[in-house]
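Got your viewer open? Grab the mouse and follow along, one selection at a time.

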Amino acid sequence: MSRVIVDARRLLCPMPVIRVQDRAKGLAPGAVIEAVCTDPGVLNDIPAWCRINGHKVLETRNENDEYIVVLEIGEE
Amino acid sequence: MTEKRKAIALISGGLDSLLAAKVIQEQGVHVEGINFFTGFCVEGHTHAIRKKDRARPKRNNALWVAEQLGIKLHLVDIVEEYKEVVFNPKHGYGANLNHCLDCKIFMVKKAHEWIRANGFDFIITGEVLGQRPMSQRKDTMPVVSRDSGANDLLLRPLCAKYQPITKPELEGWVDREKLYNFNGRSRKPQMALAREFGLTDYAQPAGGCCFLTDVQYSSKLADLWQARGEKQYEMDDIMLLKVGRHLRPRPNFKLIISREEGEGNFLQGYRKQFINLKTTSHAGPMALLDGQVDEADIQLAARIVARYSQGKQEQQVVVEVADLAGNIRELTVAPLPSEDVLEEWHL
Ligand code: SF4
(Lines give C-alpha, C1' and ligand atoms only; values in the text may rest on other atoms or scores of the structure.)
Protein backbone atom coordinates (compact mmCIF):
# COMPACT_ATOMS: atom_id res chain seq x y z
CA MET A 1 0.00 0.00 0.00
CA SER A 2 1.43 3.37 -0.93
CA ARG A 3 2.26 5.95 1.68
CA VAL A 4 0.98 9.51 1.49
CA ILE A 5 3.32 12.09 2.94
CA VAL A 6 1.81 15.16 4.61
CA ASP A 7 4.36 17.91 5.09
CA ALA A 8 3.17 19.88 8.12
CA ARG A 9 6.51 21.30 9.11
CA ARG A 10 6.46 24.76 10.72
CA LEU A 11 2.72 24.52 11.23
CA LEU A 12 1.43 24.75 14.77
CA CYS A 13 -1.44 22.68 16.14
CA PRO A 14 -4.16 22.23 15.15
CA MET A 15 -3.04 22.94 11.57
CA PRO A 16 -1.08 19.68 11.17
CA VAL A 17 -4.17 17.75 12.29
CA ILE A 18 -6.31 19.67 9.81
CA ARG A 19 -3.83 18.88 7.01
CA VAL A 20 -3.92 15.18 7.89
CA GLN A 21 -7.73 15.21 8.18
CA ASP A 22 -8.16 16.88 4.81
CA ARG A 23 -5.68 14.52 3.16
CA ALA A 24 -7.41 11.51 4.71
CA LYS A 25 -10.70 12.37 3.01
CA GLY A 26 -11.39 9.90 0.27
CA LEU A 27 -8.50 7.56 1.16
CA ALA A 28 -9.45 3.92 1.33
CA PRO A 29 -9.21 1.94 4.58
CA GLY A 30 -5.70 0.60 4.95
CA ALA A 31 -4.05 3.60 3.28
CA VAL A 32 -1.09 4.98 5.20
CA ILE A 33 -0.33 8.62 5.93
CA GLU A 34 3.02 9.80 7.19
CA ALA A 35 2.80 13.28 8.74
CA VAL A 36 6.08 15.15 9.09
CA CYS A 37 5.73 17.92 11.67
CA THR A 38 7.77 20.26 13.84
CA ASP A 39 5.22 21.05 16.56
CA PRO A 40 5.62 18.38 19.27
CA GLY A 41 1.92 18.87 20.07
CA VAL A 42 1.13 16.54 17.18
CA LEU A 43 2.29 13.61 19.29
CA ASN A 44 -0.87 14.14 21.33
CA ASP A 45 -3.22 15.65 18.80
CA ILE A 46 -2.85 13.31 15.82
CA PRO A 47 -3.30 10.16 17.95
CA ALA A 48 -6.35 11.79 19.63
CA TRP A 49 -7.78 12.58 16.20
CA CYS A 50 -7.10 8.99 15.12
CA ARG A 51 -8.89 7.55 18.16
CA ILE A 52 -11.95 9.70 17.47
CA ASN A 53 -12.10 8.71 13.84
CA GLY A 54 -11.18 5.08 14.09
CA HIS A 55 -7.76 5.32 12.45
CA LYS A 56 -4.69 3.54 13.78
CA VAL A 57 -1.36 5.09 14.75
CA LEU A 58 1.35 2.77 13.46
CA GLU A 59 4.37 4.72 14.63
CA THR A 60 5.48 8.00 16.17
CA ARG A 61 9.11 9.05 16.14
CA ASN A 62 11.30 12.06 16.72
CA GLU A 63 14.07 12.69 14.21
CA ASN A 64 16.24 15.82 14.23
CA ASP A 65 13.60 18.13 15.68
CA GLU A 66 10.95 16.62 13.44
CA TYR A 67 8.02 14.65 14.78
CA ILE A 68 6.72 11.95 12.51
CA VAL A 69 3.39 10.23 12.94
CA VAL A 70 2.49 7.30 10.72
CA LEU A 71 -1.14 6.23 10.67
CA GLU A 72 -3.41 3.85 8.88
CA ILE A 73 -6.89 4.85 7.75
CA GLY A 74 -9.59 2.76 9.44
CA GLU A 75 -12.96 1.50 8.26
CA GLU A 76 -15.65 4.21 8.07
CA MET B 1 -38.90 3.24 14.04
CA THR B 2 -38.33 6.95 13.77
CA GLU B 3 -35.19 8.10 12.06
CA LYS B 4 -32.36 9.17 14.34
CA ARG B 5 -31.89 12.92 14.06
CA LYS B 6 -28.43 14.38 13.56
CA ALA B 7 -26.97 17.50 15.15
CA ILE B 8 -23.67 19.28 14.75
CA ALA B 9 -22.27 20.84 17.92
CA LEU B 10 -19.90 23.80 17.89
CA ILE B 11 -17.07 22.55 20.07
CA SER B 12 -14.67 25.12 21.45
CA GLY B 13 -13.09 22.77 23.95
CA GLY B 14 -14.59 24.47 26.99
CA LEU B 15 -17.13 23.12 29.43
CA ASP B 16 -20.22 24.81 27.97
CA SER B 17 -19.95 23.28 24.53
CA LEU B 18 -19.14 19.93 26.09
CA LEU B 19 -22.30 20.04 28.21
CA ALA B 20 -24.52 21.28 25.40
CA ALA B 21 -23.46 18.39 23.18
CA LYS B 22 -23.86 15.90 26.02
CA VAL B 23 -27.38 17.09 26.87
CA ILE B 24 -28.51 16.51 23.29
CA GLN B 25 -26.65 13.23 22.99
CA GLU B 26 -28.48 12.02 26.10
CA GLN B 27 -31.74 12.63 24.26
CA GLY B 28 -30.81 10.06 21.66
CA VAL B 29 -29.71 12.43 18.93
CA HIS B 30 -26.65 11.56 16.83
CA VAL B 31 -24.16 14.34 17.58
CA GLU B 32 -20.93 15.22 15.79
CA GLY B 33 -18.68 18.17 16.61
CA ILE B 34 -17.29 20.99 14.53
CA ASN B 35 -14.39 23.20 15.53
CA PHE B 36 -13.33 26.27 13.60
CA PHE B 37 -9.69 27.31 13.49
CA THR B 38 -9.41 31.06 13.05
CA GLY B 39 -5.69 31.40 13.72
CA PHE B 40 -6.40 33.31 16.91
CA CYS B 41 -7.44 30.29 18.92
CA VAL B 42 -5.67 29.98 22.25
CA GLU B 43 -4.93 26.28 21.65
CA GLY B 44 -1.38 25.22 22.26
CA HIS B 45 0.62 27.71 20.19
CA THR B 46 2.61 29.43 22.88
CA HIS B 47 2.88 26.02 24.39
CA ALA B 48 4.59 24.70 21.31
CA ILE B 49 6.93 27.66 21.25
CA ARG B 50 7.90 28.37 24.82
CA LYS B 51 10.20 25.85 26.34
CA LYS B 52 9.04 26.37 29.89
CA ASP B 53 5.45 25.57 28.89
CA ARG B 54 6.38 22.34 27.20
CA ALA B 55 6.60 20.42 30.42
CA ARG B 56 2.89 20.91 31.08
CA PRO B 57 0.66 18.21 29.69
CA LYS B 58 -0.70 19.44 26.45
CA ARG B 59 -3.83 18.55 24.64
CA ASN B 60 -6.15 20.01 22.10
CA ASN B 61 -9.24 20.60 24.18
CA ALA B 62 -11.67 20.29 21.28
CA LEU B 63 -10.28 16.87 20.34
CA TRP B 64 -10.31 15.89 23.97
CA VAL B 65 -13.97 16.92 24.40
CA ALA B 66 -14.91 14.93 21.31
CA GLU B 67 -13.15 11.92 22.73
CA GLN B 68 -14.98 12.26 26.05
CA LEU B 69 -18.28 12.39 24.20
CA GLY B 70 -17.32 9.63 21.81
CA ILE B 71 -18.19 11.77 18.82
CA LYS B 72 -16.49 12.67 15.57
CA LEU B 73 -14.95 16.11 15.35
CA HIS B 74 -14.62 18.05 12.12
CA LEU B 75 -11.80 20.59 12.23
CA VAL B 76 -12.30 23.41 9.80
CA ASP B 77 -9.64 25.89 8.73
CA ILE B 78 -11.36 29.27 8.30
CA VAL B 79 -8.25 31.45 8.57
CA GLU B 80 -8.72 33.21 5.22
CA GLU B 81 -12.48 33.74 5.30
CA TYR B 82 -12.34 34.87 8.90
CA LYS B 83 -10.21 37.91 8.06
CA GLU B 84 -13.21 39.80 6.73
CA VAL B 85 -14.95 39.28 10.08
CA VAL B 86 -11.93 40.65 11.93
CA PHE B 87 -11.47 43.64 9.62
CA ASN B 88 -15.06 44.73 9.25
CA PRO B 89 -17.25 43.49 12.06
CA LYS B 90 -20.75 44.70 11.27
CA HIS B 91 -21.55 44.95 14.97
CA GLY B 92 -18.27 46.56 16.01
CA TYR B 93 -15.55 45.51 18.40
CA GLY B 94 -15.89 44.63 22.07
CA ALA B 95 -13.54 45.71 24.82
CA ASN B 96 -10.48 44.71 22.78
CA LEU B 97 -10.33 43.77 19.13
CA ASN B 98 -12.84 41.03 19.72
CA HIS B 99 -15.91 41.07 17.65
CA CYS B 100 -17.62 38.17 19.34
CA LEU B 101 -21.05 38.82 17.93
CA ASP B 102 -19.90 38.82 14.31
CA CYS B 103 -17.65 35.88 15.05
CA LYS B 104 -20.50 33.84 16.47
CA ILE B 105 -22.76 34.72 13.54
CA PHE B 106 -20.00 33.67 11.14
CA MET B 107 -19.38 30.35 12.87
CA VAL B 108 -23.06 29.46 13.09
CA LYS B 109 -23.41 30.42 9.43
CA LYS B 110 -20.55 28.07 8.53
CA ALA B 111 -22.14 25.34 10.65
CA HIS B 112 -25.45 25.93 8.88
CA GLU B 113 -23.76 25.52 5.49
CA TRP B 114 -22.16 22.37 6.84
CA ILE B 115 -25.41 20.74 7.99
CA ARG B 116 -26.98 21.45 4.63
CA ALA B 117 -24.05 19.90 2.79
CA ASN B 118 -23.91 16.88 5.09
CA GLY B 119 -27.55 16.07 5.69
CA PHE B 120 -27.68 17.02 9.37
CA ASP B 121 -30.81 18.39 11.01
CA PHE B 122 -29.78 21.12 13.43
CA ILE B 123 -27.00 23.02 15.20
CA ILE B 124 -26.11 23.13 18.90
CA THR B 125 -24.02 25.73 20.71
CA GLY B 126 -23.00 25.98 24.35
CA GLU B 127 -24.17 29.58 24.68
CA VAL B 128 -25.48 30.67 28.05
CA LEU B 129 -27.68 33.71 28.36
CA GLY B 130 -25.88 36.71 29.81
CA GLN B 131 -22.51 35.01 30.04
CA ARG B 132 -20.55 37.00 27.50
CA PRO B 133 -20.97 40.76 27.26
CA MET B 134 -21.39 40.89 23.53
CA SER B 135 -22.62 37.74 21.89
CA GLN B 136 -24.65 36.08 24.64
CA ARG B 137 -27.11 38.80 25.55
CA LYS B 138 -30.87 38.61 25.43
CA ASP B 139 -30.96 41.08 22.55
CA THR B 140 -28.02 39.65 20.58
CA MET B 141 -28.78 35.94 20.70
CA PRO B 142 -31.71 36.27 18.29
CA VAL B 143 -29.37 38.26 16.01
CA VAL B 144 -27.03 35.25 15.84
CA SER B 145 -29.92 32.95 14.87
CA ARG B 146 -31.21 35.38 12.27
CA ASP B 147 -28.02 36.72 10.66
CA SER B 148 -26.39 33.31 10.45
CA GLY B 149 -29.38 32.08 8.45
CA ALA B 150 -29.77 29.15 10.84
CA ASN B 151 -32.92 30.63 12.43
CA ASP B 152 -34.89 27.96 14.28
CA LEU B 153 -32.32 25.28 13.49
CA LEU B 154 -30.02 26.75 16.12
CA LEU B 155 -30.59 25.22 19.54
CA ARG B 156 -28.87 26.33 22.74
CA PRO B 157 -29.54 23.49 25.15
CA LEU B 158 -28.09 25.28 28.18
CA CYS B 159 -30.43 28.25 27.99
CA ALA B 160 -33.16 26.98 25.68
CA LYS B 161 -35.86 27.77 28.23
CA TYR B 162 -35.20 31.46 27.70
CA GLN B 163 -35.25 31.17 23.94
CA PRO B 164 -38.11 30.99 21.49
CA ILE B 165 -38.99 27.41 20.67
CA THR B 166 -36.86 25.94 17.89
CA LYS B 167 -37.66 23.40 15.21
CA PRO B 168 -35.93 20.45 16.96
CA GLU B 169 -38.19 21.09 19.99
CA LEU B 170 -41.30 21.72 17.95
CA GLU B 171 -40.84 18.55 15.92
CA GLY B 172 -40.16 16.53 19.05
CA TRP B 173 -36.59 15.63 18.03
CA VAL B 174 -35.60 16.85 21.48
CA ASP B 175 -37.63 17.33 24.64
CA ARG B 176 -37.68 20.98 25.67
CA GLU B 177 -38.50 19.95 29.22
CA LYS B 178 -35.09 18.36 29.52
CA LEU B 179 -33.24 21.48 28.38
CA TYR B 180 -31.88 24.16 30.71
CA ASN B 181 -32.31 27.73 31.83
CA PHE B 182 -28.75 28.72 32.70
CA ASN B 183 -28.10 32.42 32.75
CA GLY B 184 -25.60 34.89 34.08
CA ARG B 185 -21.91 34.68 34.66
CA SER B 186 -21.93 32.15 37.47
CA ARG B 187 -20.39 28.85 36.46
CA LYS B 188 -22.04 26.92 39.28
CA PRO B 189 -24.95 25.42 37.31
CA GLN B 190 -22.56 24.19 34.64
CA MET B 191 -20.29 22.66 37.23
CA ALA B 192 -23.23 20.95 38.89
CA LEU B 193 -24.40 19.54 35.57
CA ALA B 194 -20.86 18.37 34.83
CA ARG B 195 -20.89 16.51 38.12
CA GLU B 196 -24.21 14.95 37.24
CA PHE B 197 -22.68 13.62 34.03
CA GLY B 198 -19.64 12.41 35.98
CA LEU B 199 -17.32 14.86 34.24
CA THR B 200 -14.51 16.07 36.45
CA ASP B 201 -11.71 17.04 34.12
CA TYR B 202 -12.54 19.87 31.73
CA ALA B 203 -11.04 23.10 30.46
CA GLN B 204 -12.20 26.39 31.92
CA PRO B 205 -10.83 29.08 29.63
CA ALA B 206 -10.62 32.32 31.56
CA GLY B 207 -11.21 35.16 29.13
CA GLY B 208 -12.53 33.64 25.97
CA CYS B 209 -11.62 31.17 23.34
CA CYS B 210 -9.22 33.37 21.45
CA PHE B 211 -6.35 35.81 21.61
CA LEU B 212 -8.54 38.67 20.40
CA THR B 213 -9.96 39.00 23.91
CA ASP B 214 -6.45 39.57 25.26
CA VAL B 215 -5.63 43.24 25.86
CA GLN B 216 -1.94 42.96 25.02
CA TYR B 217 -2.48 40.86 21.96
CA SER B 218 -5.10 43.27 20.62
CA SER B 219 -2.85 46.25 21.14
CA LYS B 220 -0.06 44.51 19.21
CA LEU B 221 -2.45 43.75 16.39
CA ALA B 222 -3.71 47.35 16.34
CA ASP B 223 -0.10 48.53 16.20
CA LEU B 224 0.61 46.21 13.28
CA TRP B 225 -2.31 47.61 11.32
CA GLN B 226 -1.32 51.16 12.06
CA ALA B 227 2.29 50.59 11.01
CA ARG B 228 1.22 48.94 7.77
CA GLY B 229 -1.37 51.60 7.03
CA GLU B 230 -4.01 48.94 6.44
CA LYS B 231 -5.87 46.22 8.28
CA GLN B 232 -4.13 43.13 6.98
CA TYR B 233 -2.50 40.08 8.46
CA GLU B 234 -1.09 36.75 7.40
CA MET B 235 -0.84 33.60 9.44
CA ASP B 236 2.82 34.37 10.20
CA ASP B 237 1.82 37.77 11.63
CA ILE B 238 -0.71 36.19 13.97
CA MET B 239 1.90 33.71 15.14
CA LEU B 240 4.61 36.29 15.66
CA LEU B 241 2.28 38.45 17.77
CA LYS B 242 2.15 35.58 20.23
CA VAL B 243 5.91 35.36 20.62
CA GLY B 244 8.57 37.43 22.37
CA ARG B 245 8.55 41.02 23.55
CA HIS B 246 7.50 43.54 20.95
CA LEU B 247 9.03 47.01 21.01
CA ARG B 248 8.44 49.87 18.61
CA PRO B 249 11.24 52.39 19.21
CA ARG B 250 10.51 54.29 15.98
CA PRO B 251 7.31 54.52 13.97
CA ASN B 252 9.00 52.86 10.99
CA PHE B 253 10.13 49.67 12.70
CA LYS B 254 9.54 47.28 15.53
CA LEU B 255 11.63 44.58 17.16
CA ILE B 256 10.47 41.14 18.22
CA ILE B 257 12.89 39.93 20.88
CA SER B 258 12.85 36.38 22.20
CA ARG B 259 12.46 35.93 25.94
CA GLU B 260 13.79 32.41 26.14
CA GLU B 261 15.37 29.66 24.11
CA GLY B 262 12.16 28.17 22.72
CA GLU B 263 11.08 31.54 21.38
CA GLY B 264 14.57 32.10 19.98
CA ASN B 265 14.34 28.85 18.04
CA PHE B 266 10.90 29.78 16.78
CA LEU B 267 12.08 33.19 15.59
CA GLN B 268 15.05 31.54 13.83
CA GLY B 269 12.52 30.06 11.44
CA TYR B 270 11.74 33.59 10.20
CA ARG B 271 15.37 34.61 9.52
CA LYS B 272 14.87 34.80 5.77
CA GLN B 273 11.82 37.07 6.03
CA PHE B 274 13.21 39.70 8.42
CA ILE B 275 16.42 41.52 9.19
CA ASN B 276 17.58 39.68 12.29
CA LEU B 277 19.94 40.38 15.14
CA LYS B 278 21.74 38.22 17.65
CA THR B 279 24.41 38.97 20.22
CA THR B 280 27.62 36.99 19.65
CA SER B 281 29.96 38.27 22.39
CA HIS B 282 27.44 37.35 25.08
CA ALA B 283 24.53 34.99 25.42
CA GLY B 284 21.41 36.83 24.41
CA PRO B 285 18.14 36.84 22.55
CA MET B 286 17.27 36.42 18.92
CA ALA B 287 15.47 39.42 17.44
CA LEU B 288 13.58 40.14 14.25
CA LEU B 289 13.30 43.64 12.86
CA ASP B 290 10.07 44.45 11.07
CA GLY B 291 10.01 47.63 8.99
CA GLN B 292 11.97 49.82 6.60
CA VAL B 293 15.14 51.01 8.29
CA ASP B 294 18.29 53.07 7.77
CA GLU B 295 21.70 52.64 9.38
CA ALA B 296 20.80 54.71 12.46
CA ASP B 297 17.77 52.50 13.06
CA ILE B 298 19.89 49.35 12.83
CA GLN B 299 22.37 50.81 15.33
CA LEU B 300 19.53 51.59 17.72
CA ALA B 301 18.06 48.11 17.22
CA ALA B 302 21.44 46.51 17.96
CA ARG B 303 21.79 48.56 21.16
CA ILE B 304 18.33 47.48 22.30
CA VAL B 305 19.04 43.82 21.58
CA ALA B 306 22.36 44.14 23.46
CA ARG B 307 20.41 45.50 26.41
CA TYR B 308 18.49 42.24 26.67
CA SER B 309 21.66 40.12 26.51
CA GLN B 310 23.89 38.99 29.34
CA GLY B 311 26.28 41.76 28.34
CA LYS B 312 23.82 44.48 29.29
CA GLN B 313 26.17 45.89 31.97
CA GLU B 314 29.22 45.85 29.66
CA GLN B 315 30.65 48.76 27.74
CA GLN B 316 30.43 46.93 24.46
CA VAL B 317 28.53 44.02 23.03
CA VAL B 318 28.95 42.47 19.59
CA VAL B 319 25.73 42.03 17.67
CA GLU B 320 25.45 40.04 14.46
CA VAL B 321 23.07 41.57 11.94
CA ALA B 322 21.77 39.62 8.95
CA ASP B 323 19.94 41.48 6.20
CA LEU B 324 17.23 40.11 3.93
CA ALA B 325 19.79 38.98 1.36
CA GLY B 326 21.47 36.93 4.09
CA ASN B 327 24.56 39.20 4.31
CA ILE B 328 25.93 39.06 7.82
CA ARG B 329 27.98 41.72 9.59
CA GLU B 330 28.97 42.44 13.13
CA LEU B 331 28.31 45.67 15.00
CA THR B 332 30.01 46.56 18.25
CA VAL B 333 27.61 48.66 20.30
CA ALA B 334 27.03 49.99 23.78
CA PRO B 335 23.90 48.37 25.27
CA LEU B 336 21.13 50.91 25.65
CA PRO B 337 20.71 51.83 29.32
CA SER B 338 17.44 50.42 30.61
CA GLU B 339 16.05 53.89 31.42
CA ASP B 340 16.41 54.74 27.73
CA VAL B 341 14.20 51.82 26.71
CA LEU B 342 11.02 53.82 26.96
CA GLU B 343 7.87 52.41 28.44
CA GLU B 344 5.83 53.46 25.42
CA TRP B 345 8.03 51.40 23.11
CA HIS B 346 6.60 48.24 24.63
CA LEU B 347 3.56 47.04 22.74
S1 SF4 C 1 -13.55 35.04 21.94
FE2 SF4 C 1 -12.74 35.04 19.84
S3 SF4 C 1 -13.40 33.06 18.96
FE4 SF4 C 1 -14.64 33.41 20.82
S5 SF4 C 1 -16.50 34.42 20.04
FE6 SF4 C 1 -15.07 36.07 20.65
S7 SF4 C 1 -13.94 36.57 18.78
FE8 SF4 C 1 -14.94 34.59 18.43
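Before we click on anything, one term: two strands pair if DSSP finds at least two bridges between them. Helices (H or I, at least four residues) and strands (E, at least two) are DSSP runs, numbered from the N terminus. Keep in mind that this is a predicted model, where local features need pLDDT of at least 70, side-chain atom pairs count only at pLDDT 80 or more, and totals for chains, interfaces and linings use all residues. Residues are numbered from 1 along each chain as its sequence is written, chains are lettered from A and ligands numbered from 1 in the order in which they are written, and side-chain values use heavy atoms, with hydrogens and water left out.

**Stop 1: the sheet in chain A**

Select S1(A) and S2(A): six bridges join them, and they run parallel. Look for A:Ala8, which stands opposite A:Cys37 in S2(A). Now add helix H1 (residues 15-24) of chain A; together with S1(A) and S2(A) this helix makes a right-handed β-α-β unit. Right-handed here means that, with the strands pointing away from the viewer, the path from the first strand over the helix to the second runs clockwise.

Next, bring in the rest of the sheet. In which order do the four strands of this open sheet lie? The order is S1-S2-S4-S3 (chain A), with mixed pairing. At the edges you'll find strand S1 (3-8) and strand S3 (56-63) of chain A, each pairing on one side only.

Zoom in on strand S2 (residues 32-37) of chain A and strand S4 (residues 66-72) of chain A, which run antiparallel and are joined by six bridges. Two pairs to pick out: A:Glu34 has A:Val70 in S4(A) as its bridge partner, and A:Val36 has A:Ile68 in S4(A).

Show the side chains of S2(A). In a regular strand the side chains alternate between the two faces of the sheet. Here A:Val32, A:Glu34 and A:Val36 point one way, while A:Ile33, A:Ala35 and A:Cys37 point the other way, and all are buried. (Buried means under 20% relative accessible area, exposed over 50%, partly exposed in between, with a 1.4 Å probe and protein chains only.) Six of the six residues of S2(A) are buried, so the strand is largely enclosed by the rest of the structure.

**Stop 2: a tyrosine in chain B**

Hop over to B:Tyr162, in the loop between strand S5 (154-155) and helix H8 (167-170) of chain B. Is B:Tyr162 buried or partly exposed? It is partly exposed, with a relative accessible area of 39%. Leaving aside neighbours within four places in sequence, B:Tyr162 is in contact (heavy atoms within 4.5 Å) with B:Leu129, B:Asn181, B:Phe182 and B:Asn183. For a long jump, select B:Ser309 as well: B:Tyr162 and B:Ser309 are 147 residues apart in sequence and 58 Å apart in space, C-alpha to C-alpha.

**Stop 3: a hairpin in chain B**

Last selection: strand S10 (residues 317-322) of chain B, which is mostly covered, as five of its six residues are buried. Strand S8 (residues 275-279) of chain B runs antiparallel to S10(B), with four bridges joining them; B:Asn276 has B:Ala322 as its bridge partner there. Strand S11 (residues 328-333) of chain B is also antiparallel to S10(B), with six bridges, and B:Val319 partners B:Leu331 in S11(B). Finish at the turn: S10(B) and S11(B) form a hairpin with five residues between them, and B:Gly326 in that turn has a positive phi of about 90°.
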